[in-house]
Amino acid sequence: MNAVLTTLPGARSAARRRDQIEDQLGAHNYHPLDVVIARGKGVWVHDVDGRKYLDCLSAYSAVNQGHCHPRILAAMVEQAQKLTLTSRAFRHDQMAPFYEDLARLTGAHKILPMNSGAEAVETAIKAVRKWGYEVRGVPPDQAEIIVCANNFHGRTLGIVGFSTDPDAYGSYGPFAPGFNVVPFGDFKAFDAAITPNTVAFLVEPIQGEAGVVVPPAGYFSRVRQRCTERGITLILDEIQTGLGRTGKLLAEEHEGIEADVTLIGKALSGGFYPVSAVLSNADVLGVFQPGQHGSTFGGNPLACAVARAALQVLTDEGMIDNAASVGAYFLERLRALPGPVREVRGRGLMLAVELAPDAGGARRFSERLQARGVLAKDTHGHTLRLSPPLIITREQVDWACDQLAAVLSAP
């Protein structure tokens, strides 16, 4: 499993040229590791020089099913040869089967397909405000949505307006009003923030970008009860946590609750195509009438066919159960790591290693891991995120942990 570390002079020159082109022509809105990936299969990816790496990021959980899963690929190729886009001006033959498969799996009563996760979030915000005015009777333009500090729901203008991350919201205002921010996992703060105009609580079951922050046990059960009592729509952003990542189809299942609106994306296509969806009870999405919301590409035939295959392999191939069992094993191995580890946390295969503040930052450790054939991502300065494809084995976890132990023990 060791990475091939030999690089020829010609390859180094080509790599430098690629980096120069990216730096000259590309906007500098990302700070990637110095690796250029050319192909992938399963849990492994290969760079342009033939080095092999264990992918422990999975494109932020978009590749839960593993890279280039053959069944999803076959569905994509088959559909691409027949019909890719009609817009929603017409019906197409892939929409109804997609709705049926998704409803059967999740219990959703209404489904609105979109493209990206951020689009799903924006759609939910629009829908719940409209529901608040037309169903709840909130005075016009007074609807309020409670959100959490350190949230990450996307990067559109509407979303970053209620972010607490200066990098996300800095210099982009003015922003839309109507969002009240409370600490994540603090039920008392949530309860105190409710007003007669509160129409929704938008929250991640586990805060991924914040460093895989898991709320206290029982938090969401209490939130669900209060939302029901006060007529508040509970919106769970399961774009990263959903579709098997935490060892359940949806992370809400860990506390035995059901959201009023659930947002999914990323792994809904297995990494092949941008697909997202808003799932709700009939009331919330029922407020939309023709012409009031839409998307040219949302729910297109290719997206629907790919998503159906992506959902099928998750369940048919036992990936969700594997995430639960191997994830528990991974967590146990991580908690035995040496070195400057402050905390290990997570659920299923959504894991994080938080390093001590004096360790020098997580970025240098992700770079050391890359040199040893493991791709992971630093977040919030001192945290390494580890979210491999759900098909990872115990043997591969052991190898990854050996590499982690080596880099954390090194001076």
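Let me start with one term: a residue counts as exposed when its relative accessible area is over 50%, and as buried when that value is under 20%. Keep that in mind, and remember that what we have here is a predicted model.

So, is Ser171 buried or exposed? Its relative accessible area is 80%, so Ser171 is exposed. You'll find Ser171 in the loop between helix 7 and strand 6. Ser171 also has a positive phi, near 70°, even though this residue is not a glycine.

Stay in that loop for a moment, because Pro174 sits there too, between helix 7 (166-169) and strand 6 (179-182). The peptide bond that joins Gly173 and Pro174 is cis, with omega at about 5°.

Now look at Tyr60, in helix 2. Tyr60 is another residue that is not a glycine and has a positive phi, here about 55°. Its relative accessibility is 26%, so Tyr60 counts as partly exposed.

A little further along we come to His67, in the loop between helix 2 (58-61) and helix 3 (70-80). Because its relative accessible area is 16%, under the 20% cut-off, His67 is buried. And which residues does His67 touch, leaving out those up to four places away in sequence? They are Gly40, Lys41, Gly42, Trp44, Val45 and Asp55.

Next, please find helix 5, residues 117-136. Here is a nice check you can do yourselves. With 20 residues at 1.5 Å a residue, helix 5 should span 28 Å, and its end C-alpha atoms are 26 Å apart, so the two agree. Several residues of helix 5 are buried, among them Ala120, Val121, Ala124, Ile125, Val128 and Trp131. Just after the helix, Gly137 takes a positive phi of about 80°.

Let's zoom in on one residue of helix 5, Thr123. Thr123 has a relative accessible area of 0%, so it is buried. What does Thr123 touch, again not counting residues up to four places away in sequence? The answer is Leu112, Met114, Val278, Phe288 and His293. Thr123 and Leu263 are 140 residues apart along the chain, yet their C-alpha atoms are separated by 9.6 Å.

Finally, two pairs of helices. In the first pair, helix 4 (residues 95-106) packs with helix 11 (residues 301-316) at an angle of about 30°, and the axes are 9 Å apart. Angles under 35 degrees count as roughly parallel, so that is the word for helix 4 and helix 11. Their crossing is left-handed. On the helix 4 side, the residues that meet helix 11 are Met95, Pro97, Phe98, Asp101, Leu102 and Leu105. On the helix 11 side, they are Cys304, Ala307, Arg308, Leu311, Gln312 and Thr315. Sorted by class, this contact holds eight nonpolar, two polar and two charged residues. As for the spacing of such residues, an α-helix has 3.6 residues a turn, so residues three or four places apart point the same way.

The second pair is helix 13 (residues 362-371) and helix 14 (residues 394-409), whose axes come within 10 Å and cross at roughly 130°. That angle makes helix 13 and helix 14 oblique to each other, and their crossing is right-handed. Phe365, Arg368 and Leu369 in helix 13 meet Gln403, Leu404, Val407 and Leu408 in helix 14. By class, that contact has five nonpolar residues, one polar and one charged.

Thanks for listening!

Conventions
Residues are numbered from 1 along each chain as its sequence is written. This is a predicted model: local features need pLDDT of at least 70, side-chain atom pairs count only at pLDDT 80 or more; totals for chains, interfaces and linings use all residues. Side-chain values use heavy atoms; hydrogens and water are left out. Axes are lines fitted to C-alpha atoms, for helices over the stretch in contact, and angles run from 0 to 180 degrees between N-to-C directions. Helices (H or I, at least four residues) and strands (E, at least two) are DSSP runs, numbered from the N terminus. Angles under 35 degrees count as roughly parallel, over 145 as roughly antiparallel, 65 to 115 as roughly perpendicular and the rest as oblique. A crossing is left-handed if the near helix is turned anticlockwise from the far one by less than a right angle, and right-handed if clockwise. Contact means heavy atoms within 4.5 Å. Ala, Val, Leu, Ile, Met, Phe, Trp, Tyr, Cys and Pro count as nonpolar, Asp, Glu, Lys and Arg as charged, and the others, Gly among them, as polar. The expected span of a helix is 1.5 Å times one less than its number of residues. Buried means under 20% relative accessible area, exposed over 50%, partly exposed in between (1.4 Å probe, protein chains only).
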